[in-house]
Amino acid sequence: MNKLVVIWLSTIAVSSPSFAQHGDASRGQRDFRMCAPCHSLEADRNMTGPSLAGLWGRRAGSLPSFERYSDALKSSGIIWDDRSLDGWLSDPDGMVPANEMPFNGIKKPQDRADLLAFLKEATKPGAASELYTQGQMGGMGGMMGGGRDQNLKSLEPAQQVKTITYCHDTYRVTTADGKTRAFWERNLRFRTDSSKDGPEREAPALVPAGMMGDRAGVIFSGPEEITKIIEQRC
Ligand code: HEC
């Protein structure tokens, strides 16, 4: 019996190249949690990485709305299909040296096949918005800060920044609920988001950063607001 199993397994390994393995799309959807912090499935919603909408048949590094591709990926000449994506996901650095995707790869062929079975459907035009409206992608963001970032145009009062003052080594952030919190200057990060998910002009958002309650970030609608809103006052 044992011998039979061994023979059967080795036949698969030899006779079927990994890209041709049959994938399970629902397992693949769960595995997409590895990618969701950096990639959305909605057209032109770019994050750390480019949107994956419309991926099959696309030339690598060619999405016009994503401006942070590495030269390595742009000049790779790869066209994304089942085979090239299997290679990319198994070993990105091996396939495109000097690419800038901070991801080590997925070693198990079955896991790649599952993920690709899911992605092939979910990257078709319109497929993602259906997934999101069905709520299927809903829980994904919360845990990992990705998938779908919070829209900062509608904020809870505790997140709505009213004033920021700076004195010696301390920032004091007052929010619309009337609370003022003090931060050591190295624990408060200033960021911007000019996209449609970013905050309204002159209405920055206070967002938690990391696990520790002593750290936070303020997201402004653009860089010019940072010095405009922060007031030096003791
Ligand atoms: C930590 C962020 C991060 C994670 C996690 C990540 N990626 Fe990426 N991905 C990127 C970045 C950044 C690029 C652009 C790389 C470059 O230009 O060299 C990229 C590029 C890609 C591309 C090429 C897209 C194009 O337009 O040519 C594909 C496909 C891709 N990633 C798929 C995935 C999948 C699938 C996963 C999950 C298994 C994943 N990535 C995980 C950040 C990430």
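**The iron site and its ligand**

User: What is the geometry of the site of the iron atom of the ligand?
Analyst: This is a predicted model, where local features need pLDDT of at least 70, side-chain atom pairs count only at pLDDT 80 or more, and totals for chains, interfaces and linings use all residues. Residues are numbered from 1 along each chain as its sequence is written, and side-chain values use heavy atoms, leaving out hydrogens and water. Six donor atoms make angles of 86 to 177° at the iron; six count as octahedral if opposite donors are over 155 degrees apart and all others between 65 and 115. So the label that fits this site is octahedral.

User: Which protein residues are donors of that iron atom?
Analyst: Donors are N, O and S atoms within 2.8 Å of the metal (3.2 Å for Na, K and Ca). Here the protein ones lie 2.0 to 2.1 Å from the iron, through an NE2 and an SD atom. They belong to H39 and M101.

User: How many residues apart is the pair?
Analyst: H39 sits in the loop between α2 (25-31) and α3 (71-74), while M101 is in the loop between α5 (92-95) and α6 (109-122). Helices here are DSSP runs (H or I, at least four residues). The pair links distant parts of the chain, 62 residues apart.

User: Is H39 buried or exposed?
Analyst: Buried means under 20% relative accessible area, exposed over 50%, and partly exposed in between (1.4 Å probe, protein chains only). H39 has a value of 11%, so H39 is buried.

Definitions and conventions. Tetrahedral: all angles 85-135°; square planar, octahedral: opposite > 155°, others 65-115°. Helix = DSSP H or I, 4+ residues; strand = E, 2+ residues; numbered from the N terminus.
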